[in-house]
Amino acid sequence: MSQWDSRGNNFDFMRLSLAVLVIYSHAFALGLGSEAAEPFARLTHGQVTGGAIAVDAFFIMSGFLIAASAQRSRGVGAFLKKRFARIYPAFVVAALLSVLLVLPFSGGGFVYNSGLARTGDFIERTLRLIEFSYTGVFPMNPMPGVINGSTWSIAYEFWCYIGVAILLVAGILRRRAVVLTLFLASWIVSFLFRYYGWILGGKQLGLVVGPPQIWARMLPLYLAGVVFYLFRDRIPLRGSIAAIAALCLIPASYFYTGWTVVFPIAGTYLIFWFAFTPLIRLHRFGRFGDFSYGTYLYAFPIEQLLMRWFGHAVAPVVLFACATPLTLIFAIASWYAVERHFLAPARRKETVAHAVLD
């Protein structure tokens, strides 16, 4: 059996754990109004938070799994159909619940007065996988003005699907050297953006696909996962190399831009070593379903609603303890009521790693 066996992996455990890490990390900003005391921000001297690390890891794993899905699909149409079904249904339901349940309790309202304009705005922005337009929400919370700050990454994820589809159609996805070159180029650009602090508007294209500085962060992470998939037959998964990769993250946490330079390589290796190592067997963790996407979708608004109910700043551990079980309830409901019904029938009872790989 290959060390990169797609059926025996820990992806389900990792994805849900990372989604819960996002809840914990956000509890500092949402509970206190500041990330200054967030443990990962302190450990990396302000370079990243635990939530940022989780999102970065999601993109790395997604690059690996989506590259596998693209190569195993019957064509680009079948590939995009699966990706659309995986992302959109749960997002649409979460957006509707934000309108119907969260907004009325947020103390805010719609930007547009006309019902037609509100509907048009909701449809347009939901299709773009971003939040509908609102104003004045959670005015007394430590972090006012936001219903769901986590959804920003979902549009970038879907654009990465489009990018993989383009690579597939162009025949580049099977040309490993070309993809490796693309990764190295994006890695260098990411360093330059971080080092010089470039903030670019992106003009019209940026309004559609997002500002260049965000892509400078996310693209090398996604491509790192793609590269690891394409070169998996040449990459040994050894505990000694994983230990070296972990050690490399220590000095990276102390030097400006260190995390930007080191994590796309060392972090990527650690992620896939943990996912496939025979020393840690959590292969059946997702046998009851994949609750990671729902956890990611609902955690932020639930934390904001809790903070409105508390009415004052609270210790992050208290907010985390209150928000996590509520979020998992919504995540489980999202899986059983929405998400699993849009997966291929033969895959409904299997884990997300298996579903994504197909």
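Start by selecting Phe272, which at 0% relative accessibility counts as buried. The model on the screen is a predicted one, and the stops below move from this ring to its aromatic neighbours, then to a cavity, to two unusual backbone positions, and finally to the outline of the chain.

**The ring pair at Phe272**

Add Phe64 to the selection: this residue is likewise buried, with a relative accessible area of 3%. A pair of aromatic rings is described by the distance of the centres and the angle of the planes. For Phe64 and Phe272 the ring centres lie 4.6 Å apart and the planes stand at 35°, so the pair is tilted, falling between the limit of under 30 degrees for stacked and that of over 60 for edge-to-face. Colour helix H3 (residues 50-72), which holds Phe64, and helix H11 (residues 258-276), which holds Phe272; because the two rings belong to these two helices, their pairing ties together parts that are 208 residues apart in sequence.

Now widen the selection to Phe11, Phe228, Tyr229, Tyr269 and Phe276, which together with Phe64 and Phe272 form one aromatic cluster. While Tyr229 is in view, show the side chain of Arg232 as well, since its charged end sits over the ring of Tyr229, 3.9 Å from the centre.

**Further aromatic contacts**

How many aromatic pairs does the count come to? The total is 31 aromatic pairs, and a further one to look at is that of Trp309 and Phe310, where the centres are 5.3 Å apart and the planes at 50°, so this pair too is tilted. Is Trp309 buried or exposed? With a relative accessible area of 67%, Trp309 is exposed, in contrast to Phe272, which is buried.

For another charge placed over a ring, select Arg83 and Tyr161: Arg83 lies over the face of Tyr161, at 5.6 Å from the ring centre.

**The second largest cavity**

Next, switch on a display of internal voids. A search of the whole structure finds three cavities of 30 Å³ or more, and the one to visit here is the second largest, with a volume of about 80 Å³. To see its walls, select Phe91, Ala94, Ala95, Ser98, Ile130, Glu131, Phe132, Asn148, Thr151 and Leu297, the residues that line this cavity. Which helix gives the most to the lining? Helix H4 (residues 76-106) does, with four residues. Colouring the lining by residue class shows six nonpolar residues, three polar ones and one charged.

**Two residues with positive phi**

Most residues other than glycine have a negative phi, and most peptide bonds are trans. Against that background, centre the view on Phe138, where phi is near 45°, a positive value in a residue other than glycine. Phe138 is found in the loop between strand S2 (134-135) and helix H6 (152-170), and at 0% relative accessibility it counts as buried.

The next residue to select is Thr257, whose phi is near 70°, again a positive value in a residue that is not glycine. This residue occupies the loop between helix H10 (239-252) and H11, and Thr257 is buried, with a relative accessible area of 6%.

**Partly exposed positions on the helices**

Move to helix H13 (residues 316-337), where Leu328 has its place. Leu328 is partly exposed, with a relative accessible area of 27%, and a C-alpha to C-alpha distance drawn to Tyr298, 30 residues away in sequence, gives 8.6 Å. Tyr336 is also in helix H13 and is partly exposed, at a relative accessible area of 35%; its C-alpha is 9.4 Å from that of Asp290, although 46 residues separate the two in sequence.

Then select Glu124 in helix H5 (residues 115-127), a partly exposed residue with a relative accessible area of 36%. A line from its C-alpha atom to that of Phe58, 66 residues apart along the chain, spans 26 Å.

**Stepping back**

Finally, clear the selections and show the whole protein chain as a cartoon, in which 14 helices and two strands can be traced. The C-alpha trace spans about 55 × 45 × 45 Å along its principal axes. For 358 residues, a compact globule would have a radius of gyration near 21 Å, and the 20 Å of the protein chain agrees with this. Colouring by accessibility closes the tour: of the 358 residues, 51% count as buried.

Key: Residues are numbered from 1 along each chain as its sequence is written. Side-chain values use heavy atoms; hydrogens and water are left out. Rings of Phe, Tyr and Trp (its six-membered ring) pair if their centres lie within 6.5 Å; planes under 30 degrees apart count as stacked, over 60 as edge-to-face and the rest as tilted. Buried means under 20% relative accessible area, exposed over 50%, partly exposed in between (1.4 Å probe, protein chains only). A charge sits over a ring if NZ of Lys or CZ of Arg is within 6 Å of the ring centre and within 35 degrees of the ring normal. On a 1 Å grid over the protein atoms alone, a cavity is a set of points where a 1.4 Å probe fits but cannot get out, and a pocket is an open set with protein on both sides within 12 Å along at least five of seven lines; lining residues have an atom within 4 Å of a point. Grid points are joined across faces, edges and corners, and a volume is the space filled by probe spheres set on the points. Ala, Val, Leu, Ile, Met, Phe, Trp, Tyr, Cys and Pro count as nonpolar, Asp, Glu, Lys and Arg as charged, and the others, Gly among them, as polar. The radius of gyration is taken over C-alpha atoms; the globule rule is 2.2 Å times the number of residues to the power 0.38.
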